Amino acid sequence: MATGQIFSRTTQALFYNYKQLPIQRMLDFDFLCGRDTPSVAGIINPGSEGFQKLFFGQEEIAIPVHSTIEAACAAHPTADVFINFASFRSAADSSKSALKQPTIRVVAIIAEGVPESDTKELIAFARANNKVVIGPATVGGIQAGAFKIGDTAGTIDNIIQCKLYRPGSVGFVSKSGGMSNEMYNTIARVTDGIYEGIAIGGDVFPGSTLSDHVLRFNNIPQVKMIVVLGELGGRDEYSLVEALKEGKINKPVVAWVSGTCARLFKSEVQFGHAGAKSGGEMESAQAKNQALKDAGAVVPTSYEAFETSIKETFEKLAEGGEISPIKEVQPPQIPEDLSSAIKSGKVRAPTHIISTISDDRGEEPCYAGVPMSSIVEQGYGVGDVISLLWFKRSLPRYCTQFIEICIMLCADHGPCVSGAHNTIVTARAGKDLVSSLVSGLLTIGPRFGGAIDDAARYFKDAYDRNLTPYEFVESMKKKGIRVPGIGHRIKRGDNRDKRVELLQLFARTHFPSVKYMEYAVQVENYTLSKANNLVLNVDGAIGSLFLDLLAGSGMFTKPEIDEIVGIGYLNGLFVLARSIGLIGHTFDQKRLKQPLYRHPWEDVLYTK
């Protein structure tokens, strides 16, 4: 066990098992104290490596993350404190590994419930190798103005209230972390504050005892008096009694052992800590308080009188000139996190993204204001979800059913079309699903899929301007533009596309109006008079019928319809539909374990 000071303003720690809040609180304390370097040198997160972004004052810093204790110790040889936030199941093993590292002097174990046999092994190893274990079941410790462990002393407001941003003259040790925070405040009110405070932990076998730390405090010149808060259960306080009797402690000790109320209960009482259970008269609070008093410690008559005893002891030292007045300093302002500042109404921060279609901030995600549970419970289909996310409203069932039919009919068109071909070639090159899918999607454009948008635009413009099919087609011819949605490589006037017929049948059965589709059919009649392959194709059918869906549903204004067509919603429908087929082709090639594709020479015209 160390015989003097274990922390300083240059102490650095390794933090095991990443926890954002306690690490940030350590860094905020560093900044408050005016430290030059952060107290957290590295983070150990098993299985992870890289960096974790945190704040040191207003400066954002990157703290290295290591996957093993050995790697972290090698990378940060000056970090000699190991703060262990592992669970009780793994705290012993990780602590043992840390203690075996030559660079580590102090290990703080936060978890409670660590098996007692494991704790005994840790204690034996630490004492044999002159190392310090704080805990298990500890909140940690603090050296005022220098270094703190994890959540010790609570929030920044509490730290400032307790004057922990600069050193005082009192050494304090307790079993309880919660009571430590209370005592820091009490001591700050009646003395010049804490120099160092330690919570040894409430388990039955703490890694270091009350007397271990009292003896350390006795060897630290800056500590002028010592405050001890014990509790019923165990016999730790008796080692302190022996040290006082043997004259090993020459500084005033003010002590109180809590739990005197236990005698009011008829049966044995277990208090909050595992070790806070009296096993007999000697382990009672009354017996230990009396023993401490007989050994020379200042022991009040009750906890309520504890503060007065501390105050009186401090004032005697000050009057005797053993304690010099401390010049108060104004600690710097800790920048507030943006999220908490916004929540408290202190700042107005501009947003960077606007979303009107979905919200995941509540108990469940919502699509256009409709909770996910309602979508499932009411039996919504894919078309309904598209209507919510694309159009921000619930369209009539015939509209969403039409959308679903379009998706089904456009999902795939065989392996030979450009998008599927690209996907197949990419999949056979060994690429992943996303790469294969994207290679196919990137071919979508004016000549593949994109004609749906153009068909809707041109048919709408022509119909709205009352152009006859003759005027429309001939005007397009003069501009050198092929009529989108008209023409097919395979289908003819006497061999119509079955998909077009199915869409037309559905629309004529369910749509209140099909004026745009009928106009497209009239255009088809005129183009067929020119050539037998200039039939209305699936792009033209979907494009014209979507215009009828938007206009006939009565749910869209004319400007909204113009915007939907202009933005490219219909192209989005083709992209969504064809993704299904492209994913299928990717899986098909991988399932068949097809080799790298190479185009055959005989299918290439080599020419100069």
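Let's start with the lining of the largest pocket. By class, that lining has 15 nonpolar, 10 polar and nine charged residues. Keep in mind that this is a predicted model. In total, 34 residues line the largest pocket. Which of them lie nearest its centre? Those are Arg447, Ile486, Gly487, His488 and Asn537. The space in this pocket comes to about 1400 Å³.

Now the helices around it. Four helices each supply at least two residues of the lining of the largest pocket. They are H17, at 451-464, and H18, at 469-479. Then come H21, at 538-552, and H23, at 569-591. Which helix gives the largest share? It is H18, with three residues.

On to the second largest pocket. Its volume is about 640 Å³. Its lining counts 24 residues. Nearest the centre lie Asp28, Ile156, Ile334, Pro335 and Glu336. The classes here divide into nine nonpolar, nine polar and six charged.

Helices again. H1 covers 20-33, H5 covers 156-161 and H11 covers 338-343. Each of these supplies at least two residues of the lining of the second largest pocket. H1 gives the most, with five residues.

Stay with H11 for a moment. Ser340 lies in this helix. Is Ser340 buried, exposed or partly exposed? Its relative accessible area is 29%, so Ser340 is partly exposed: buried needs under 20%, and exposed needs over 50%. Now compare positions along the chain and in space. Ser340 and Ile6 are 334 residues apart along the chain. Their C-alpha atoms are separated by 35 Å.

Next, the sheets. A short reminder: strands of a sheet pair through backbone hydrogen bonds, either parallel or antiparallel.

One open sheet has six strands. The order is S9-S8-S11-S10-S12-S13, and the pairing is mixed. Which strands sit at the edges? They are S9 and S13, the latter at 253-258, and each pairs on one side only.

Look at S8, residues 140-143. Both of its faces are covered. On one side, Gly140 and Ile142 are buried. On the other, Gly141 and Gln143 are buried too.

S8 has S11 as one neighbour. S11 spans residues 194-199, and four bridges join it to S8. These two strands run antiparallel. As an example, the bridge partner of Gly140 in S11 is Ala199.

S9 is the other neighbour of S8. S9 takes in residues 147-148 and pairs with S8 in the antiparallel sense, over two bridges. Gln143 has Phe147 as its bridge partner in S9. Ile142 stands opposite Lys148 in S9. Between S8 and S9, the hairpin has three residues. There, Gly145 takes a positive phi near 75°.

A second open sheet has three strands. The order is S14-S15-S16, with antiparallel pairing. The edge strands are S14, at 358-359, and S16, at 370-371, each pairing on one side only. How many bridges join S14 and S15? There are two, in the antiparallel sense, with S15 at residues 366-367. Asp359 has Cys366 as its bridge partner in S15.

That brings us to cysteines. How many disulfides does a search of the whole structure find? Zero. Take Cys399 as a case. Cys399 is in no disulfide, and the nearest cysteine sulfur, that of Cys406, is 11 Å away. A disulfide needs the two sulfur atoms within 2.5 Å. What about burial? Cys399 has a relative accessible area of 0%, so it is buried. Cys73 also counts as buried, because its relative accessibility is 5% and the cut-off is under 20%.

One last residue, Asn185. Where is it? Asn185 lies in helix H6, residues 177-190. Is Asn185 buried or exposed? With 18% relative accessibility, Asn185 counts as buried, because the limit is under 20%. Its side chain also has a partner. A polar contact of 2.5 Å joins the side chains of Asn185 and Arg189.

To recap the pockets: the largest has about 1400 Å³ of space, and the second largest has a volume of about 640 Å³. H18 leads in the lining of the largest pocket. H1 leads in the lining of the second largest. For the sheets, remember the six-stranded one with mixed pairing and the three-stranded one with antiparallel pairing.

Methods
Residues are numbered from 1 along each chain as its sequence is written. This is a predicted model: local features need pLDDT of at least 70, side-chain atom pairs count only at pLDDT 80 or more; totals for chains, interfaces and linings use all residues. Side-chain values use heavy atoms; hydrogens and water are left out. On a 1 Å grid over the protein atoms alone, a cavity is a set of points where a 1.4 Å probe fits but cannot get out, and a pocket is an open set with protein on both sides within 12 Å along at least five of seven lines; lining residues have an atom within 4 Å of a point. Grid points are joined across faces, edges and corners, and a volume is the space filled by probe spheres set on the points. Ala, Val, Leu, Ile, Met, Phe, Trp, Tyr, Cys and Pro count as nonpolar, Asp, Glu, Lys and Arg as charged, and the others, Gly among them, as polar. Buried means under 20% relative accessible area, exposed over 50%, partly exposed in between (1.4 Å probe, protein chains only). Two strands pair if DSSP finds at least two bridges between them. A polar contact is a pair of N or O atoms within 3.5 Å; within protein, one must be able to donate a hydrogen and the other to accept it, and residues adjacent in sequence count only if both atoms are side-chain atoms.
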